[in-house]
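User: Could you take a close look at one part of this model for me, the packed helices in the second chain? I'd also like to know how that part sits within the whole.

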Amino acid sequence: MRTIREIHDAFDSGRETPLSLTERYLGKIAKSPHNAWITLCGERALRQAEEQNLKLKSKHGGRVPREAEPLFGIPLGIKDNLVIENIRTTCASRILDSYLPPYTATAVLRLETAGAIPLGKLNLDEFAMGSSNENSAYGPVLHPTHPDRVPGGSSGGSGAAVAADLCFAALGTDTGGSIRLPASFCGVVGMKPTYGRISRYGQIAFASSLDQIGPMTRSVEDAAVLAQVMSGVDSMDSTSSDQPVEDWGAIVRALGDSPSAKGLRVGVPAEYFIDGIDPEVRSAIEARIETLHAQGAAIVPVSLPHTRFAVSTYYLIAVSEASSNLSRFDGVRFGLRPADAMRSGGLREFYQKVRANFGPEVKRRIILGNFALSSGYCEDYFQKAAKVRRLMRMDFENAFRSVDVMVSPVAPTTAFRLGEKSKNPLQMYLTDIFTIPASLAGLPAMSVPVGTDSGGLPIGMQLIAPRFGESSLFRAARIVEANT
Amino acid sequence: MSIRHAGMPVDVNTRFETVIGLEVHVQLATESKIFSSSRARLAGDQSVADEAVNSNTDPVCAGHPGTLPVLNKKAVEYAVRAGIALGCAIRLRSVFARKHYFYPDSPKGYQISQFDLPACGPGQLEIELGEEGEDSRTIRIERIHLEEDAGKNVHFPSYSLVNLNRAGVPLIEIVSAPDMRTAAEAGAYLRKLYAIVTSIGVCDGNLEEGNFRCDANVSIRPEGAQGFGTRVEIKNVNSFRFVEKAIEYEAERQRQVILSGDSLVQETRLYDAQKNRTFSMRTKEEAEDYRYFPDPDLPPLELSPDWVESIRKTLPELPDQKRDRFMQTFGLGRHEAALISSGAETARFFEEAVALAGAGAARTIANLMNGEILRLLNEENIALGESRFTPAALAALAGFIAEKFVSSTGAKQVLGVLFREGGEVSAIIDREGLRQVSDSSALEPVIDRVLEANPKQVAEYRAGKEKVIGFLVGQTMKASGGKADPALLQEILLRKLKG
């Protein structure tokens, strides 16, 4: 069973129940070697599943209430930077090792209201800072099919768990590519909505102006359904948008099994097809562009001239916001408070002993961010980056006058080896070179699997749509998926 | 070597002037906190001290991971009201910024404030100076910005605890230009500002609970100097009197430092009211780099001109407008009208009493309120609203005074009884025997006795020393038990002395 529709049909026929499905997933998780999970909430999940079993029989006459609860009985994994009340949330950081949040994230609440069952919390790079999931205080996540490889990051646990069928779908978060990259490396669908589509309330912030929650699934249709359930304005997040949410699930379903690409204008940004892309990745993406053309899509070369500033702009903004967002982890109200901190001579020493528990990548970004915001440097760094960001947004606005979506590789390579880039932060940062621009511009973007390289490692194609253009994004993604 | 300060040579004979700018934190009287749903304001007669520690918090104001601020519209409305009342330009687009510093009472490690784009731009405030308020000066206001309050650290010998009940309570910070030159001007500015923010209903005005807190920037320079001296910030003084004393102390301290040949340090100092001195808290070098940047969790605050206009229309009469109306309508003097209009409660009380007693009684009522009533209230340190005085009682008393039923001395006694025990004015007058003697046949024998008992003064008066009349009036008033009508008394007394 690969889609929610198939699961629901199995529930209807009685071949499967929410409880049997949940039990089976919990059993698989217990045996999995991937280190994809940090915390499981098995008892809670089984309780929810039992209730649904009862409800299915007594209230719904054995028929899944698809309209009211489009995710009825669907076991999910939740990235461990999203809070669920009283379920340990760590952000893969020692500093939050025993943290029990007093509330539940809006996105999770909406999924649960739609019938989904969270199985537990998925591993990630500490505070979502990383591209390989090697920066976790709970150890790296292993690639689902190649255990010597990374699953990509920061939503590495989510990518690996969905690919290895340890949950039916998962939530990731994407700041500069953290959903799309692991989706590409693991061979699943990953979608980052327009900034403001899904409430960030309950997402532990890394870089607030870039962070977005999104689904990681095995099909475009399921991604559409999950995104649709989570989207819409939230009174707890002032940056959430009241733009109407269309029925993306229905849009994808309506396309059927062999959708035509007729009328679709596909932009190919010249700046995303640079030297240094793995030739196998390049040819897989180019072959897919050819297929789209053959299916009736218009292929249009476009230019995003400020792309070359993307990585430096992104890292200035992201680290600045991160240094600010991570100030609250001070050991005063919650989280880790080591015994030696309590023996501090003064406040400064207390903070030092508490905050020494951040991992090296987090510390690096806090230091860089504080520097970029400090008096005398803010104008040259943070403020200049904010200006370049506006230029990049305009690049996209201009290019989207002539196309509906843009396509590119998600990353220059397929999944790399564990340890291959962890000694060289700059090389690691360049992994996100193609995903960062859409993040800076706040655009919806997706990774759709388009095949594997000669070593069997998945290759993902990135699709980018204009702001609030999720309908075209899902449509194009379904066309790519159906022709793969 | 000669000493120079603010670009000029100075010595012991130099006349210095003090340059003062004030930053006032006004707690807004909204029901909920500025970015979350917890209460910001205590109900009825509850006090902050009675509130259970950390009982009034929520995940947002406690800075839990993943929480986001959502702006309280009422706080914006109150800031705009204050801005309009202070003649400020209201910015239709303002931006919230994060101000970073580590301290346990700051749950997020930053305070949400406003930096380069505050809610209100320049405005001004007119203050009255001199015994009778005869001089006025305009003090420029640079800006008003919205921000959240911090929690409170409570220190014990070997540890500290944090109370977050106050964290996230909305504040506006009103920043003046360095336009004040004396402690008295600073005091007048604060009192006037206090009168305005309380009369327009944006602040409850409870000084003990820190509703209105002041930081003073103080420097001195030789009179005539163009530049400024090194400035010192005196933090968090919450009584008008103490602000004045702290400024006086600080100006003199700076003068002595300069004259001793030392240079002043730019620093933050605290005022110790018991010792009446300031002491250093931190120097500029120790100051934090706040690393301000626009808060990405809050979109820019956009206001429509129509909305601002609707706030302007609902603004109640301001103290200055009231003062002018009281002067025109009731013929009050500027100083007495200003006193009556300085507090919303006082002005309302006055107007109610005048409505009952008639406009002719306005001056009498104003005199009673600014005189004996104010004295009694100050003595016991209570507010007019908390006292037993009522507008009806005051109106009745003014009526008795007008009809010469009771003398001004008698009226004071009535007020004393009202203040201590309450009761009917006419009953008090009768019970205390304060009904004024306005009957010459009753007064004449009393005056005769006084003249007989004081032959020396009578002789002096007749020899041309007319000043002794005061003594004789006093003696007669005393002999009448304070009940004599002073005008009648004077008339009879003069007739008898000249006759």
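Analyst: Here is a walk through the helix pairs of chain B, followed by their surroundings and the partner chain.

One thing to keep in mind from the start is that this is a predicted model. Let's begin with the chain that holds the helices. Chain B contains 15 helices and 17 strands, and its C-alpha atoms fill a box of roughly 90 × 60 × 50 Å along the principal axes. Of its 499 residues, 42% count as buried. If you take the contacts in chain B with a separation of 6 or more, 70% of them join residues 24 or more positions apart.

Now to the helices themselves. Two packed helices are described by the angle between their axes and the distance between the axes. For helix 8 (residues 362–380) and helix 9 (residues 391–402) of chain B, the axes come within 9 Å and cross at roughly 115°. The crossing of helix 8 of chain B past helix 9 of chain B is right-handed. Which residues make the contact between helix 8 and helix 9 of chain B? From helix 8 of chain B come B:Thr364, B:Ile365 and B:Leu368, while helix 9 of chain B brings B:Leu394, B:Leu397, B:Ala398, B:Ile401 and B:Ala402. Sorted by class, that contact of helix 8 with helix 9 of chain B has seven nonpolar residues, one polar residue and no charged ones.

B:Ala398 is a good residue to zoom in on. It belongs to helix 9 of chain B, and is it buried or exposed? B:Ala398 is buried, because 26 other C-beta atoms lie within 10 Å, where 20 or more are needed to count as buried. Setting aside its neighbours within four places in sequence, B:Ala398 is in contact with B:Ala357, B:Ala361, B:Thr364 and B:Ile365. Two of these names, B:Thr364 and B:Ile365, you have already met on the helix 8 side of the contact in chain B. B:Val354 is also worth locating on your screen: 44 residues separate B:Ala398 from B:Val354 in sequence, and their C-alpha atoms are 9.3 Å apart in space.

The other pair to view is helix 14 (residues 469–479) and helix 15 (residues 486–498) of chain B, with axes that come within 10 Å and cross at roughly 120°. Helix 14 of chain B is therefore oblique to helix 15 of chain B. Here too, helix 14 of chain B passes helix 15 of chain B in a right-handed crossing. On the helix 14 side of chain B, the contact uses B:Leu472, B:Val473, B:Thr476 and B:Met477, and on the helix 15 side it uses B:Leu489, B:Gln490 and B:Leu493. By class, the residues in this contact of helix 14 with helix 15 of chain B are five nonpolar, two polar and no charged.

Before leaving chain B, have a look at its beginning. B:Ala6 has a positive phi of about 50° although it is not a glycine. B:Ala6 sits in the loop between strand 1 (3–5) and strand 2 (8–10) of chain B, and it is buried, with 20 other C-beta atoms within 10 Å.

Next comes the partner. Chain A has 17 helices and eleven strands, and its C-alpha trace spans about 65 × 55 × 45 Å along the principal axes. A compact globule of 484 residues would have a radius of gyration near 23 Å, and the 22 Å of chain A agrees with that. In chain A, 59% of the 484 residues count as buried.

Two loop details in chain A are worth a stop. The peptide bond from A:Gly153 to A:Ser154 is cis, with omega near 5°, and A:Ser154 is found in the loop between strand 3 (117–122) and helix 5 (156–163) of chain A. A:Asp165, which is not a glycine, has a positive phi of about 55°. The loop between helix 5 and strand 4 (169–174) of chain A holds A:Asp165, which counts as partly exposed because it has 15 C-beta neighbours inside 10 Å.

Finally, how do the chains meet? The contact takes 32 residues from chain A and 25 residues from chain B. Helix 10 (310–325) and helix 13 (360–373) of chain A each supply at least two residues of the side that touches chain B. Helix 10 of chain A gives the most, with three residues. That side of chain A divides into 13 nonpolar, 13 polar and six charged residues.

Note on methods. Residues numbered from 1 in each chain as written. Chains lettered and ligands numbered in written order. Predicted model: local features only at pLDDT ≥ 70, side-chain atom pairs only at ≥ 80, totals over all residues. Contact = placed C-beta atoms within 7 Å. Helix = DSSP H or I, 4+ residues; strand = E, 2+ residues; numbered from the N terminus. Nonpolar A, V, L, I, M, F, W, Y, C, P; charged D, E, K, R; others polar. Rg over C-alpha atoms; globule rule 2.2 N^0.38 Å. Buried ≥ 20, exposed ≤ 12 C-beta atoms within 10 Å, placed from the backbone. Axes fitted to C-alpha atoms, helices over the stretch in contact; angles between N-to-C directions. Parallel < 35°, antiparallel > 145°, perpendicular 65-115°, else oblique. Left-handed = near helix turned anticlockwise from the far one by under 90°.
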